[in-house]
Each structure stands twice: as C-alpha cells, then as structure tokens.
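Visitor: Could you choose one part of this structure and take me through it closely, and then set that part in the context of the whole chain?

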Amino acid sequence: MIRPYKPQDEESVLHIWLEASTIGHAFIPRSYWESKIDDMREIYLPQSETYIYTDTTGKISGFISLVGDYLAAIFVAPSCQRRGIGQALMAHAKKLKNELVLNVYTENTQAILFYKQQGFKIVDEQTDEATGHKEFKMVFPQ
C-alpha cells in the first residue's frame, strides 16, 4: 500500500534512506550520508511531498519524495529490494506528475538501469558539488 508520509514515519524513513544510500552509493563514504541525516530530518523531508510503501503488516518498506516535478528520493529497504516496490512507488509518482526530473550518480549503474526501465532518458551530465562525483540528469517522459 502507498500512502502519504506522516511525522511518525520519520525514523523508519531515515533508516531506510541511510542504509540504502550507503549500499547504493558505496563509492561515497558512509560518514558522508551519516552527516546528512539532520538535513534529511529538518530540511528535505519537510519540504518534500513524500509517499510511503507499506507491506500488509504496515511495516514501511520504501518511500518516494517529490519536490514539484523533481524526484528528490526513491529508496527501498535493502532487505525488500527486487520485489516491485520501487516500480510501485515510481508508478505512483507518474500518476501524480506529468513530467519527472532526477539526478543520479553515474557510478550508480543499478539505479540508472532502473530509471531507464521506467522510461527515463539521460539529458545532461554534471558534477555534484557536495561530493565531486559525476551525475546524470534524467527526465520522464523524453
């Protein structure tokens, strides 16, 4: 089930974000992601339109955050990946928005493949100033 984010979801969402970020972005030290937890809590989650994916027991398995047409985050708990949760979250976002834009690290080949399978196209390449790593700008539809 997909539902809107509630304040009581915060700790579960932050845990999923940290664990999935650390695994999906192994080329960036975990300490970087740990240093961003307060920003996630105080800035990014409050400014985002966030939706939660829960299983039949109500346990949070993933989430997606949008800021306007910008796909700011889509994360699935590592233990729940490859079960269609990311696809369900993406389908939900596509119902809400006519166009979606995102940035993804060029080294995150698994995410790039997922986004391409979801119909996103690479339209630009830039460097993330915070990490110094290259990233693609991708859009849906193209």
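Guide: Two strands are said to pair if DSSP finds at least two bridges between them, and that cut-off is what we need for the part I have chosen, in a model that is predicted. Strand S6, which covers residues 121–127, and strand S7, which covers residues 134–140, pair in the antiparallel sense, and six bridges join them. Within this pairing, Asp124 stands opposite Lys137 of S7. Between the two strands of the hairpin lie six residues, and in this hairpin Gly132 takes a positive phi near 80°. As for the side chains, those of a regular strand alternate between the two faces of the sheet.

To place the hairpin in its setting, the protein chain has five helices and seven strands in its secondary structure, and along the sequence these follow the pattern β-α-α-α-β-β-β-α-β-α-β-β. The radius of gyration of the protein chain is 14 Å, close to the 14 Å given by the globule rule for 142 residues, so the chain is as compact as a globular protein of that length. Along the principal axes, its C-alpha atoms fill a box of roughly 40 × 35 × 30 Å. Of the 142 residues, 43% count as buried, and among the contacts with a separation of 6 or more, 55% are accounted for by residues 24 or more positions apart. The accessible surface comes to about 7,700 Å², with 49% of it belonging to carbon and sulfur atoms.

Key. Residues numbered from 1 in each chain as written. Predicted model: local features only at pLDDT ≥ 70, side-chain atom pairs only at ≥ 80, totals over all residues. Heavy atoms only, no water. Helix = DSSP H or I, 4+ residues; strand = E, 2+ residues; numbered from the N terminus. Rg over C-alpha atoms; globule rule 2.2 N^0.38 Å. Buried < 20%, exposed > 50% of the residue type's maximum accessible area, 1.4 Å probe, protein only. Contact = heavy atoms within 4.5 Å. Areas by Shrake-Rupley, 256 points an atom, 1.4 Å probe, with all protein chains shown as cover.
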